[in-house]
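Here's a walk through a two-chain model, starting from one residue and working outwards. Keep the viewer open as you read.

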Amino acid sequence: MNKTIIININGMVFHIEEDAYEVLKKYMTDVKRHFMDSADSLEITTDIENRIAEMFTEILHAESKQVIIEQDVNNVIDKMGTIEDFASAEQDAHQPYRFQATNRRLFRDNEDHLLGGVCAGIANYFGMQPVWIRLVFAVAFFFFGTGLLLYIILWIVVPRAVTRTDRMAMKGEPLDLQGFKRNFEDELKGVKGHAAALIWKPNPLFIKPAILPAISLIICIHF
Amino acid sequence: MIVENTQTQMRKGILEYCILSIIAKGEIYASDIIAELKKAQLLVVEGTLYPLLTRLKNNGLLSYNWVESVSGPPRKYYTLSPEGKIVLEMLDTTWRELAFAVQTSIEGRDNPNT
């Protein structure tokens with residue numbers, strides 16, 4: 001006895017077992033992500049969904065049963081092809097997409113920050129070391145506090161990189177399966193490194209409370 | 001790697017030509033196109049065909065009709081547009097030239113395509 005879920009694929013209703021649903025859902029998420037950068041993404045994924053719905057109907061009819069099981073989903077995926085198949089088939093047509101995927105987005109980096117992560121975020125955007133951006137802001141600060149004002153505005157305006165996707169877009173990593181895997185592994189390494197660093201080095205977080213009063217003091221002097 | 005790349009390029013070049021040729025035989029459904037391509041050992045999985053068809057359609061070479069189906073959602077049946085027919089004729093010429101070029105080039109080699 002297994003629990004089934006009722007799903008709707010572009011207007012067609014299917015009963016599908018829970019495990020099978022998980023496999024199908026993961027596959028469709030991968031497919032959608034793969035075609036995400038393509039202008040025709042909706043049309044292509046709808047075509048694929050419709051064909052999957054049709055294959056399900058054929059399977060149910062051929063085996064005169066009512067519920068889709070995991071094996072059926074795997075068979076359908078075999079026929080349709082995996083993301084790796086899509087990627088290798090489009091190798092050269094895919095070049096412009098890959099270029100788009102490396103377009104970076106500006107976020108505040110909440111993992112490499114002194115204050116709000118604005119400088120680290122900008123550094124990520126331009127692929128530089130954060131220290132140079134920080135230096136520029138520090139120097140600009142001495143011109144009537146321009147650096148500080150700009151920093152505060154950016155702190156308010158620029159969103160914080162919250163999700164993994166944000167962090168990857170910030171560093172210009174491709175948003176595909178390999179990219180996610182790499183990003184995750186890097187993060188794991190980073191966590192290990194941080195754990196080691198915590199033992200002997202104060203985290204920038206602890207410096208923050210000391211910096212804030214210092215800044216307010218400087219603001220008072222300036223204005 | 002270089003060999004693989006060349007092979008991919010060669011296949012890709014003729015894939016669109018073959019798809020257009022298959023569709024030129026008459027109105028056809030995507031999964032029947034796949035069946036033909038499988039028979040020709042050109043393409044094995046269906047998913048790779050949909051982006052190609054969408055691109056050919058957006059370039060004005062194909063058009064499609066929705067046809068009601070008993071076994072699922074309505075199906076898209078593809079046909080060549082007038083522009084597609086012109087392109088296909090041009091590709092026919094190119095293919096003959098290519099076939100000639102390859103045939104001439106490999107002539108006299110020890111065992112070409114045995």
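## Starting from a buried threonine

A:Thr45 is buried, with just 5% relative accessible area. This is a predicted model, by the way, so take everything below as read from predicted coordinates. A:Thr45 sits in helix 2 of chain A, which spans residues 41-62. Its side chain reaches back to the backbone oxygen of A:Leu42, at 3.1 Å. Setting aside neighbours within four places in sequence, A:Thr45 is in contact with A:Met28, A:Val31, A:Lys32 and A:Phe35.

One of those contacts, A:Lys32, has a charged partner of its own: the side chains of A:Lys32 and A:Glu49 meet in a salt bridge. That pair links distant parts of the chain, with A:Lys32 in helix 1 (residues 18-34) of chain A and A:Glu49 in helix 2 of chain A, 17 residues apart. As for exposure, A:Lys32 counts as partly exposed at 42% relative accessibility, while A:Glu49 counts as buried at 16%.

## Where the chains meet

Now for the contact between chain A and chain B. Each chain puts in its share: 25 residues come from chain B and 25 residues from chain A. The area buried between them is about 2000 Å², and carbon and sulfur atoms give 51% of that. Between the two chains there are nine residue pairs in polar contact, counting pairs with both residues at pLDDT 80 or more.

Which elements of chain B give two or more residues to the side that touches chain A? They are helix 1 (2-24), helix 3 (49-58) and strand 3 (75-80) of chain B. Helix 3 of chain B supplies the largest share of that side, six residues. By type, the residues on this side of chain B split into eight nonpolar, 11 polar and six charged.

Salt bridges are worth a look here. Side chains of opposite charge can pair when their charged atoms come close. The structure holds 17 salt bridges over all chains, and the count between chain B and chain A is five. Here are some examples, with the pair inside chain A included.

| Salt bridge | N to O distance |
|---|---|
| A:Asp47 and B:Lys76 | 2.7 Å |
| B:Lys76 and A:Glu43 | 3.3 Å |
| B:Arg75 and A:Glu54 | 2.5 Å |
| A:Lys32 and A:Glu49 | 3.4 Å |

B:Lys76 shows up with A:Asp47 and again with A:Glu43. Since B:Lys76 lies in strand 3 of chain B and A:Glu43 in helix 2 of chain A, this pair joins two chains. B:Lys76 is buried, at 7% relative accessible area.

Then there's A:Glu54, which also lies in helix 2 of chain A. Is A:Glu54 buried or exposed? A:Glu54 counts as buried, at 0% relative accessibility. Its salt-bridge partner B:Arg75 is buried too. B:Arg75 lies in strand 3 of chain B and A:Glu54 in helix 2 of chain A, so here again the pair joins two chains. The side chain of A:Glu54 makes a polar contact with the side chain of B:Tyr29 as well, at 2.5 Å. Apart from neighbours within four places in sequence, A:Glu54 is in contact with B:Tyr29, B:Ser69, B:Ser71, B:Pro73 and B:Arg75. The charged pairing extends further, as A:Arg51, A:Glu54, A:Glu58, B:Glu46 and B:Arg75 are linked in a network of salt bridges.

## The sheet in chain B

Chain B has an open sheet of three strands in the order 1-3-2, with antiparallel pairing. Strand 1 (28-29) and strand 2 (62-67) of chain B stand at the edges with a single partner strand each, so one side of each has no neighbour in the sheet. Strand 2 and strand 3 of chain B pair over six bridges, and B:Ser63 has B:Thr79 in strand 3 as its bridge partner.

## The rest of chain A

Chain A has 11 helices and three strands. Of its 223 residues, 35% count as buried. Strand 1 (residues 4-9) and strand 2 (residues 12-17) of chain A run antiparallel, joined by six bridges. They form a hairpin with two residues between them, and A:Asn10 in the turn has a positive phi of about 45°. A:Ile9 has A:Met12 in strand 2 as its bridge partner.

Further along, helix 9 (residues 164-171) of chain A has as its buried residues A:Asp166, A:Arg167, A:Met168, A:Ala169 and A:Met170. A:Gly172 follows helix 9, with a positive phi near 70°.

Terms used. Residues numbered from 1 in each chain as written. Chains lettered and ligands numbered in written order. Heavy atoms only, no water. Helix = DSSP H or I, 4+ residues; strand = E, 2+ residues; numbered from the N terminus. Buried < 20%, exposed > 50% of the residue type's maximum accessible area, 1.4 Å probe, protein only. Polar contact = N/O pair within 3.5 Å; in protein donor to acceptor, adjacent residues only side chain to side chain. Contact = heavy atoms within 4.5 Å. Buried area = accessible area lost by both parts, 1.4 Å probe. Salt bridge = Lys/Arg side-chain N within 4 Å of Asp/Glu carboxyl O. Nonpolar A, V, L, I, M, F, W, Y, C, P; charged D, E, K, R; others polar. Pairing = 2+ DSSP bridges.
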